[in-house]
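Please open the structure in your viewer and keep the selection tool at hand. The tour below moves from the whole chain to single residues, with a stop at each selection.

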Amino acid sequence: MSGSREQFGSKLGFILAAAGSAVGIGNLVGFPVGAAKNGGGAFLLMYAIFVVFICLPVMLAEMSVGRNSQKDPLGAYAALSNRSGGWRIAGWLSVITPFMIAVFYLVITVWIFGYLLQSMIGNLDELAQADTFGDFISGNSIFAYMIGVLLVVYLILQGGVKQGIEKAAKILMPALFFMLIVLVIFVLTRDNAMAGVEFYLVPDFSKIDASVVNGALSQAFFSLSLGMGIMITYGSYIDSKADVPSSAKLVALTDTAVAFTAGLMILPAIFSFNPEINPEELSESSVSMIFSFLPQIFLELQTSIGYIGASVVASIFFLLVFFAAITSLVSIFEVPVASLMSEKGMERKPALLLCGVLLVVFSIMCALSFGHSEFFTNFMTYAGNDNSFFTVVYDVFYDTILPLNGFLICIFVMYRWKKHNFNEELDKGAPKFKKSLFERYVNLSVGTFIPVILLVIFINTVAVKYF
Ligand code: PHE
């Protein structure tokens with residue numbers, strides 16, 4: 001393709017787009033559920049430490065690689081390694097991983113979209129029934145909803161970086177913050193809400209064990225959209241005057257603040273609805289939390305704020321999660337699109353259509369994993385279970401490959417691209433960062449213990465999951 005690479009129009013636009021990627025279903029639901037089950041304040045503390053001392057350095061590495069190379073992940077690994085064959089594999093992983101994560105994330109977004117529309121038409125009664133979710137995901141209407149979600153993503157991405165991604169982030173993110181605050185205020189003024197706040201914030205260190213620590217780190221890593229080539233790609237859309245360290249800090253801060261605030265919404269809502277609740281049995285997963293537990297709360301709300309009031313609250317909630325999911329989906333889908341554009345010289349629209357068709361094929365296979373098709377429902381057997389196609393994609397790409405990609409970017413930056421290039425890139429536009437304590441910390445950690453930790457997580461996951 002000719003012409004210069006498109007860029008974000010402003011620092012704020014870049015930060016909002018990157019924060020839009022980071023803020024997703026993981027923050028709004030995964031994080032509160034994780035905190036509730038794993039020791040409240042103790043989990044929060046650990047999570048915050050991981051964000052600052054492990055994830056932020058990795059984010060700086062990814063953004064610097066993108067900004068310096070001005071290329072998609074595939075092109076960036078090739079260019080900065082002088083086209084070394086081995087590193088091209090890391091480049092490919094950084095394109096295939098986001099694509100496959102987009103596949104299952106799209107399916108979850110489709111469910112949210114369905115629940116949003118149902119809440120908007122006031123169908124809370126039905127959403128709260130025990131069988132509704134199972135029937136919904138194994139029914140045929142999800143294919144219609146899938147078209148709706150894809151259309152939204154297509155419309156945003158076809159506008160390109162500035163008119164598409166940035167513009168959408170500038171509208172959706174402030175709307176998201178606003179809705180979150182409205183809901184938090186609403187929830188905190190309910191009876192017994194404070195029991196939920198207490199449960200959320202008071203630390204219980206006895207819950208912390210190796211698997212909780214591992215879970216908190218994986219959650220933070222996923223939440224900041226690391227290991228998926230996204231921060232490389234978005235980093236490639238900023239120029240050399242931009243201050244990467246301060247932008248990365250703001251993105252991490254926003255993401256963590258939204259996750260924290262989401263906990264202040266979800267846990268007090270649960271406690272005020274059911275003061276006797278035993279948190280252990282809260283929910284096994286974030287999926288059952290959004291799609292079965294919360295709809296019961298919305299229905300119950302009808303007795304205090306009426307039918308319309310409860311439908312409005314439910315609609316705001318699902319709209320909030322939907323906006324968060326859309327900005328994440330846009331960012332993750334941009335990665336393979338950007339790669340096709342720069343590696344194969346395609347224009348944006350054909351690249352988008354090609355990726356879109358592939359995404360639809362794989363997402364349909366995922367959507368068929370819930371009973372529609374025997375083949376996809378019992379797709380592969382490992383660790384003594386028959387796993388659906390959806391579960392396999394999730395296990396392989398989210399649980400297993402993400403930490404591997406994190407490991408690879410650290411080693412690449414420090415030992416192939418080299419530390420002095422990395423530092424020079426970080427310091428451009430950020431003179432104060434130069435030789436600061438944090439920069440020294442970033443060098444030390446990215447060159448030593450962060451990749452070691454990520455590699456250990458990767459090996460441990462492979463050993464535990466598949467054998
Ligand atoms: N950060 C997102 C979240 O917390 C994860 C994600 C990003 C998923 C981009 C898909 C695409 O949900």
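## The whole chain

Begin with everything shown as a cartoon, where the protein has 19 helices and two strands. Its radius of gyration is 22 Å, close to the 23 Å that the globule rule gives for 467 residues, so the protein is as compact as a globular protein of that length. Bear in mind from this first view onward that what you are looking at is a predicted model. If you turn the C-alpha trace along its principal axes, it spans about 65 × 45 × 45 Å. Of the 467 residues, 52% count as buried.

## Around the ligand

Select the ligand next, together with the residues around it. Which residues are closest to the ligand? Of the 14 residues that surround it, the closest are Gly24, Gly26, Ser223, Ser328 and Ile332. The shell divides into six nonpolar residues, eight polar residues and no charged ones.

Now colour the helices that supply this shell. Helix H1 (11–22), helix H2 (25–37), helix H5 (85–120), helix H11 (210–223) and helix H14 (286–344) each contribute at least two residues to the shell around the ligand.

## H5 and its partners

Keep H5 and H14 on screen and hide the rest for a moment. Two packed helices are described by the angle between their axes and the distance between the axes. For H5 and H14, the axes come within 7 Å and cross at roughly 155°. That angle is over 145 degrees, which makes H5 roughly antiparallel to H14. Their crossing is left-handed, and the residues of the contact of H5 with H14 divide into 25 nonpolar, six polar and no charged.

Then bring back helix H15 (residues 348–367), which packs with H5 at an angle of about 60°, the two axes being 9 Å apart. Because of that angle, H5 is oblique to H15. The crossing of H5 and H15 is right-handed.

While H5 is still selected, pick out Val103, which lies in this helix. Is Val103 buried or exposed? It has 25 C-beta neighbours inside 10 Å and therefore counts as buried, the cut-off for a buried residue being 20 or more. Draw a distance from Val103 to Ser363, and you will find that the two are 260 residues apart in sequence, yet 5.0 Å apart in space, C-alpha to C-alpha.

## A buried valine in H13

Move on to helix H13 (residues 244–273) and select Val258 within it. With 23 other C-beta atoms within 10 Å, Val258 is buried. A line drawn from Val258 to Tyr237 joins residues that are 21 apart in sequence and 25 Å apart in space, C-alpha to C-alpha.

## Two lysines with positive phi

The next stop concerns the backbone rather than the packing. Most residues other than glycine have a negative phi, and most peptide bonds are trans. Select Lys418 in helix H17 (residues 389–427), whose phi is near 90°, a positive value in a residue other than glycine. Lys418 is partly exposed, since it has 13 other C-beta atoms within 10 Å.

Follow the chain out of H17 to the loop between H17 and helix H18 (437–447), where Lys435 has its place. The phi of Lys435 is near 60°, again a positive value in a residue other than glycine. How many other C-beta atoms lie within 10 Å of Lys435? There are 10, so Lys435 is exposed.

## Exposed residues in H16 and H19

For the last stops, select Phe375, which lies in helix H16 (residues 374–377). Phe375 has 12 other C-beta atoms within 10 Å and is therefore exposed, as the cut-off for that class is 12 or fewer. The C-alpha atoms of Phe375 and Ile326, which are 49 residues apart along the chain, are separated by 29 Å.

Finish at Val464, in helix H19 (residues 449–466). Val464 is exposed, with 12 other C-beta atoms within 10 Å. If you draw one more distance, from Val464 to Ile181, it joins residues 283 apart along the chain, with 40 Å between their C-alpha atoms.

Key: Residues numbered from 1 in each chain as written. Predicted model: local features only at pLDDT ≥ 70, side-chain atom pairs only at ≥ 80, totals over all residues. Near = placed C-beta within 6 Å. Helix = DSSP H or I, 4+ residues; strand = E, 2+ residues; numbered from the N terminus. Nonpolar A, V, L, I, M, F, W, Y, C, P; charged D, E, K, R; others polar. Axes fitted to C-alpha atoms, helices over the stretch in contact; angles between N-to-C directions. Parallel < 35°, antiparallel > 145°, perpendicular 65-115°, else oblique. Left-handed = near helix turned anticlockwise from the far one by under 90°. Rg over C-alpha atoms; globule rule 2.2 N^0.38 Å.
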